[in-house]
Amino acid sequence: MTALRTTRSGRARQYLALLCYLVFLAFPFLWLISTAFKPPRELGSLHPTWIPVDPTLDNFRQAFDEQPLLQAAANSLAAALSAALIAVVIATPMAYVMARHRTKLSTAATGWVVVSQAFPFVLVIIPLFLILKNLHLINTLAGLIMVYVVWSLPFALWMLVGYIRAVPRELEEAAAVDGAGRLRILLSVIAPLLAPGIVATALFAFITAWNEFFFALVLLKTPEKQTLPVVLTHFLGAEGVADLGPLAAAAFLATIPSLVIFAIIQKRITGGMLAGAVKS
Amino acid sequence: MRVRALAAATAAIALLLTGCSGDTDGKIRLRFQSLAWQKESVDANKHLVKEWNAAHPDIQIQYVQGSWDSVHDQLLTSFEGGEAPDIIHDASDDLADFAYGGYLADLGELLPERLTSDIPQRSWQTATFNNKVYGVPFLQEPRVLIANKKILESSGVRVPTADKPWSWQEFRQVTKTLTERMGKGKYGIAWPLKEPVSVTLNLGLSAGGQLFHRGDDGKVTIRFTEGDGVVPGTIHDQVNTDKSASRSTLGTGGSDTLPGFFGGKYAMVPLGFSYRQQIVQQAPEGFEWTVLPAPAGPEGPAQGVSPQTLSVAEDSPHKKEAAQFIDFMLQPQNMVRLARGDWMLPTGTQALRDPSLHTEKDGWATGAALARDLRSAPAQSVRGYPEWKDKVATPALQEYYSGAIDAGELEKRLVKDGNLVLARYQR
């Protein structure tokens, strides 16, 4: 028992480490916000300040003026939400089968899931492009959503399999004794208990799709279809030159939806993870 | 309830699936992918497209915004999938793979005499591969020295002009003098060499550097001559021997040197001509700066450039119309608009004569005077150059400039390792 106790100095060191980690995580974001509100002259200053000396909204104005940010945000939101929803709907029953029925097929499927994660974007992009072209899905959000679903599915499966394995089998057996069928068990017993896992998986799929750049760049052709990460690159010139102020302003706006969604559902994730952990 | 939600989601996806539609009105529709990114440049491009569309109701151009950052991968995939834009904005050093791969149309027969004769032969060479023209070079930028006027004038060094630039030896001496006058922690020059290869090769032309030599059999080999060593040697000595060049900027991009330049830490920064736009935007009030020509060698102030180009996709069913649009975009007065929008120089001789490109303000006159000495960048038509650049030359030059390896090792790596790479592409 004494071994588990942490000394006061040990606790202080832990908090210090945590603080360092938080600063490490927060630094780029805070710098982004600071840059978004700085006029061009401050961006070229040899001694930059955290708080803009002469804060301005011009970068935001310019960003909206030059690029269709709202349209791009709407496209990103549609793609990311659809991808997250579809990935979860497909992955949940698959994960259930893989978790509950350990056959050679499920082992092979698990192996394939692992292998599929090893393919880099550049290897699959041209075959994928040709397949989508044959399906007339180039330059459509539907095509992009399909790609995002497929891309996030393996990891979503892995996550959900872990969650399902943590749900006691006895609950299913009790439901079966009461006459519930497979679908009823999945929907009424497993799904509610899995809620935190499903939310976490959906969040993962959403953020993956929201931030994704390369597929969107290659698959979407017309400006009105492009997503935020692609539109953000329009503030970049040759040789890494950037229109820094508007880029920071647009990038700051692009992070907000992810933060909002995460803030809304994070309580549910942690709450769900802890639920039932301790017998009362 | 759940079933209803699922049905709603399915319906939404089905709606998304129907997002593509075709054109049936008989008009020719061409996609023009532009890489313009600065507001003035985007505006100029969009205005020109608008003017074209108003004057040509049967040939409508759709403006599509691309990005310099990812254009190669994006185009490659589009070409492979047969979905490339009809009119493609790119740079001549990115065209070789696409030209040799058969993805770009030969423009030789498609362009009018007005345009072909307006652009000098040395510019056409930048977009010519196997004697076929795969792009129209239209904007270019020399590398210039942007200098802090006050520091320069107070130091007493000779101020170079386009007609009488510094020699490389004089340039080295000047940076030494400036560093001595400026005091501790300050430097006569800051070389931003995140991408050291193009800077080294392009400036090296002035000293007779060529590095890539094409034999009678058409095969290219790398040889390191005395001229090839002048530019790298000067930079190396400024950083490591004279301490007149900042070591900390060697791994940075051009924009990263500007705060130090504005703050008086560096007297000069060698940058592309278009960086002037950023300087005008970001320089503190009252900051005085000037544009100087890059140093010259025995070959004069010659330097290599990779102009921006307009090409037509081989798969485009309307190549003739696409070429007509390019001709319109590159009418002299339009070329001037594009050049001013991008803060670059037009390749067209008529456009280059425009008075607005010869004003002293913002260094336009110095740049315009350098246009006659711009040549095709040495290696851009060499197959395997991108791999040589990334895997051999970039690390070798970075190590040499930082003092980690000597000139002998640099030469060995550029030549021996480099020729192995090129050989694989020329079997």
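## Salt bridges, surface patches and a nonpolar core

B:Asp373 has a relative accessibility of 12%, so this residue counts as buried, the limit being under 20%. Please keep in mind that the model is predicted. B:Asp373 pairs with B:Arg372 in a salt bridge, and their closest N and O atoms are 3.7 Å apart. B:Arg372 is partly exposed, at a relative accessible area of 44%. Elsewhere in chain B, salt bridges with shared partners tie B:Glu399, B:Glu409, B:Lys412 and B:Arg413 into one network.

**Salt bridges**

How many salt bridges does the structure hold over all chains? The total is 18. Side chains of opposite charge can pair when their charged atoms come close. Three of the pairs are listed here with their N to O distances.

| Pair | N to O distance |
|---|---|
| B:Glu285 and A:Arg41 | 3.9 Å |
| A:Glu172 and A:Arg100 | 2.5 Å |
| B:Arg372 and B:Asp373 | 3.7 Å |

Take B:Glu285 and A:Arg41, whose side chains meet in a salt bridge. This pair crosses between chains: B:Glu285 sits in the chain B loop between helix 12 (276-282) and strand 12 (289-293), while A:Arg41 belongs to helix 2 (residues 40-43) of chain A. B:Glu285 has 73% relative accessibility and counts as exposed, whereas A:Arg41 is partly exposed, with a relative accessible area of 39%.

The side chains of A:Glu172 and A:Arg100 also meet in a salt bridge. Here the link joins distant parts of one chain, from helix 8 of chain A, which holds A:Glu172, to helix 4 of chain A, which holds A:Arg100; the two residues are 72 apart. Are these partners buried or exposed? Both A:Glu172 and A:Arg100 are buried.

**Chain A and its core**

Chain A is built with twelve helices and zero strands. Its C-alpha trace spans about 70 × 65 × 30 Å along the principal axes. Of the 280 residues in this chain, 42% are buried.

The largest nonpolar core counts 64 residues. Inside this core, the residues with the most contacts are A:Leu144, A:Tyr148, A:Ile190, A:Phe215 and A:Leu219. Several chain A helices supply at least two core residues each, among them helix 6 (121-134), helix 7 (141-165), helix 9 (182-211) and helix 12 (244-274). Which helix gives the most? That is helix 4 of chain A, with 14 residues in the core. Helix 4 therefore appears twice in this account: as a contributor to the core, and as the home of A:Arg100, the salt-bridge partner of A:Glu172.

**Patches on the surface**

A nonpolar patch on the surface of chain A is formed by A:Leu16, A:Leu19, A:Val23, A:Phe27, A:Leu30, A:Trp50 and A:Ile51, which together have about 730 Å² of accessible area. One of them, A:Leu30, lies in helix 1 (residues 8-36) of chain A and is partly exposed at 43% relative accessibility.

Chain A also carries a positive surface patch, formed by A:Arg102, A:Arg165, A:Arg169 and A:Arg182. A:Arg169 is part of helix 8 (residues 169-177) of chain A, the helix that also holds A:Glu172. With a relative accessible area of 42%, A:Arg169 is partly exposed.

Negative charge gathers on the surface of chain B, in a patch of B:Asp106, B:Glu109, B:Glu314 and B:Asp315. B:Glu314 is located in the loop between strand 14 (308-312) and helix 13 (319-329) of chain B. B:Glu314 is partly exposed, at a relative accessible area of 34%.

**Two positive phi values**

Most residues other than glycine have a negative phi. Two residues of chain B are worth a look in this respect. B:Asn131 has a phi near 65°, and its place is the loop between strand 4 (128-129) and strand 5 (132-133) of chain B. B:Leu211 has a phi near 60°, again a positive value in a residue other than glycine. B:Leu211 is found in the loop between helix 9 (196-204) and strand 9 (212-214) of chain B.

Which of the terms buried or exposed fits each of these residues? B:Asn131 counts as exposed, at 76% relative accessibility, while B:Leu211 is buried, with a relative accessible area of 2%.

Note on methods
Residues numbered from 1 in each chain as written. Chains lettered and ligands numbered in written order. Predicted model: local features only at pLDDT ≥ 70, side-chain atom pairs only at ≥ 80, totals over all residues. Heavy atoms only, no water. Patch = residues over 30% accessible without salt bridge, like charges linked within 9 Å, V, L, I, M, F, W, Y side chains within 5 Å. Areas by Shrake-Rupley, 256 points an atom, 1.4 Å probe, with all protein chains shown as cover. Salt bridge = Lys/Arg side-chain N within 4 Å of Asp/Glu carboxyl O. Lys, Arg positive; Asp, Glu negative; His and termini not counted. Charge placed at Lys NZ, Arg CZ, Asp CG, Glu CD. Helix = DSSP H or I, 4+ residues; strand = E, 2+ residues; numbered from the N terminus. Buried < 20%, exposed > 50% of the residue type's maximum accessible area, 1.4 Å probe, protein only. Core = buried A, V, L, I, M, F, W, Y, C linked by side-chain atoms within 4.5 Å.
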